[in-house]
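Please read the following account with the sequence and the coordinates open beside it. It moves from single residues in loops to the packing of helices and then to the chain as a whole.

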Amino acid sequence: MGVRTGCKPRKEVLEGELTDAIFAADFGDLIAGKKEPAVYCDPKRFFENTHPARQLRKVIEVVFGRPADRKEAGATIRLSTGFVGGKTHTLMALWHLARNVGDPSMGTDLLRAAGRPKKVTVAAVDAGKAGRPIFARHDGLETRSLWGELAFALGGEKAWKRVREVDAADRQPDERLLESLLPAGPVLILLDELVIYMATLTEQEQGNLLAFVNKLASVVGSRPQAVLVVTDPGNQPAYGPEAAKLKKELADAEFAHAALKIDDVLGRAMTDFDPIGDEAASVIVRRLLEHADQTAAQAASATYHNLYERVSSESPGAIPPEAAST
């Protein structure tokens with residue numbers, strides 16, 4: 001039985017519309033409100049194409065378990081990944097689920113509808129797209145720091161005005177001001193690519209950023225129904241498109257220095273997750289195929305296994321030992 005017989009590829013695969021670029025998910029584009037590519041920006045399409053990996057479900061269950069329980073203390077999670085796109089895809093899943101948490105038909109492969117919080121305020125910042133001294137622009141309004149951008153994400157211009165006096169990379173808000181920015185009820189904050197942004201800052205500004213992250217983690221930790229998710233590249237050799245861009249644009253020394261600093265802060269206070277684990281193949285299958293005949297898949301797997309086992313027996317060393325393992 002061939003692939004076309006035992007599997008049903010997705011429409012874009014059959015029509016040749018699945019380009020390499022579509023695998024380069026961009027979290028910043030998603031939170032900015034862009035509509036394309038629909039496979040990432042449309043929540044229904046997104047969940048249809050997302051494999052419910054065990055670790056991904058674990059991240060989501062932990063994240064949404066806090067907002068669902070009024071008695072549960074807040075938490076900060078550091079998100080690491082060993083698979084291209086795993087981190088970004090996880091952030092997108094959290095974003096879409098938070099914005100559609102009241103819809104019981106959305107994302108049930110990842111988070112069951114029963115027990116969900118009824119509503120979650122979600123704010124996200126892709127620091128990899130930030131500038132300096134202007135962090136980001138919003139229809140005439142300019143933010144000039146991570147905290148200024150986060151305030152805007154949480155409550156628009158009204159919230160930003162509360163931090164306007166300290167909205168600069170060489171200043172920072174105090175803890176009480178940070179507390180006042182968090183709206184009532186469940187809150188999810190997603191901070192992506194801080195290391196990329198850090199590498200553009202002066203020594204003093206980097207210290208300010210790290211102090212802010214510590215304060216924010218403290219505020220979230222003492223606030224029920226609040227979760228902060230921070231991403232970092234870790235030491236993964238295949239971090240994906242983001243890592244390639246980072247190595248191209250920043251000197252290795254700058255990147256290593258920034259990464260070490262952020263790791264020093266986040267490593268002490270946060271819980272680590274690898275969202276993909278050992279399920280990379282299943283992720284790709286879900287993305288490319290609408291349906292796969294599991295009986296046919298098992299038969300093909302057995303055939304290849306027997307072939308590799310025979311070759312390994314007849315010609316020792318011809319193939320790696322793991323190729324003939326179950």
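Where is the place of Asp 139? In this predicted model, Asp 139 sits in the loop between strands E4 and E5, the latter spanning residues 141-143. Its backbone deserves a look, since phi of Asp 139 is near 50°, which is a positive value in a residue other than glycine. Most residues other than glycine have a negative phi, and most peptide bonds are trans. As for its surroundings, Asp 139 counts as exposed because its relative accessibility is 88%, and the cut-off for that class is over 50%.

A positive phi is also found at Gln 225, which is not a glycine either and has a value of about 65°. Gln 225 lies in the loop between helix H11 and strand E7. Is Gln 225 buried or exposed? With a relative accessible area of 13%, Gln 225 is buried, because the limit for that class is under 20%.

The backbone also has cis peptide bonds to consider. The bond from Glu 36 to Pro 37 is cis, with omega near -5°, and Pro 37 is found in the loop that runs between helix H3 (27-31) and helix H4 (38-41). The bond from Arg 132 to Pro 133 is likewise cis, with omega near 10°, and Pro 133 has its place in the loop between E3 and strand E4 (136-138).

From the loops we can turn to helix packing. Two packed helices are described by the angle between their axes and the distance between the axes. For helix H8 (residues 146-163) and helix H11 (residues 203-221), the axes come within 10 Å and cross at roughly 40°. H8 is therefore oblique to H11. On the H8 side the contact is made by Leu 146, Trp 147 and Leu 150, while H11 contributes Asn 208, Leu 209, Phe 212 and Leu 216. Sorted by class, this contact of H8 with H11 holds six nonpolar residues, one polar residue and no charged residues.

Which residues touch the most other members of the largest nonpolar core? In this core of 37 residues, they are Leu 146, Leu 150, Ile 189 and Leu 191. At least two residues of the core come from each of strand E3 (121-126), H8, helix H9 (175-181), strand E6 (187-192), helix H10 (194-198), H11 and strand E7 (226-231). The surroundings of Leu 150 show how these elements meet: with its neighbours within four places in sequence left aside, Leu 150 is in contact with Ala 123, Val 125, Ile 189, Leu 191, Phe 212 and Leu 216. There is also a second, separate core of 34 residues, and among its members are Ala 53, Ala 98, Leu 111 and Leu 188.

Gln 172 offers another view of the region around H8 and H11, as its place is in the loop between H8 and H9. With its neighbours within four places in sequence left aside, Gln 172 is in contact with Trp 147, Val 166, Asn 208, Ala 211, Phe 212 and Lys 215. Gln 172 and Ser 145 are 27 residues apart in sequence, and their C-alpha atoms are 8.6 Å apart in space. At 22% relative accessibility, Gln 172 counts as partly exposed.

Val 62 can be set beside these residues, and its place is in helix H6 (residues 54-68). Val 62 is partly exposed, with a relative accessible area of 30%. The C-alpha atoms of Val 62 and Ala 75 are separated by 9.2 Å, with these positions 13 residues apart along the chain counted as their separation.

The totals for the chain complete the picture. Its secondary structure comes to 15 helices and nine strands, and buried residues make up 44% of its 326 residues. Of the contacts between residues at least 6 apart in sequence, 74% join residues at least 24 apart. The accessible surface of the chain comes to about 16,800 Å², and 51% of this area belongs to carbon and sulfur atoms.

How values were computed
Residues are numbered from 1 along each chain as its sequence is written. This is a predicted model: local features need pLDDT of at least 70, side-chain atom pairs count only at pLDDT 80 or more; totals for chains, interfaces and linings use all residues. Side-chain values use heavy atoms; hydrogens and water are left out. Axes are lines fitted to C-alpha atoms, for helices over the stretch in contact, and angles run from 0 to 180 degrees between N-to-C directions. Helices (H or I, at least four residues) and strands (E, at least two) are DSSP runs, numbered from the N terminus. Angles under 35 degrees count as roughly parallel, over 145 as roughly antiparallel, 65 to 115 as roughly perpendicular and the rest as oblique. Contact means heavy atoms within 4.5 Å. Ala, Val, Leu, Ile, Met, Phe, Trp, Tyr, Cys and Pro count as nonpolar, Asp, Glu, Lys and Arg as charged, and the others, Gly among them, as polar. A nonpolar core is a set of buried Ala, Val, Leu, Ile, Met, Phe, Trp, Tyr and Cys residues joined through side-chain atoms within 4.5 Å. Buried means under 20% relative accessible area, exposed over 50%, partly exposed in between (1.4 Å probe, protein chains only). Accessible areas come from the Shrake-Rupley method with a 1.4 Å probe; for residues, only the protein chains shown count as cover.
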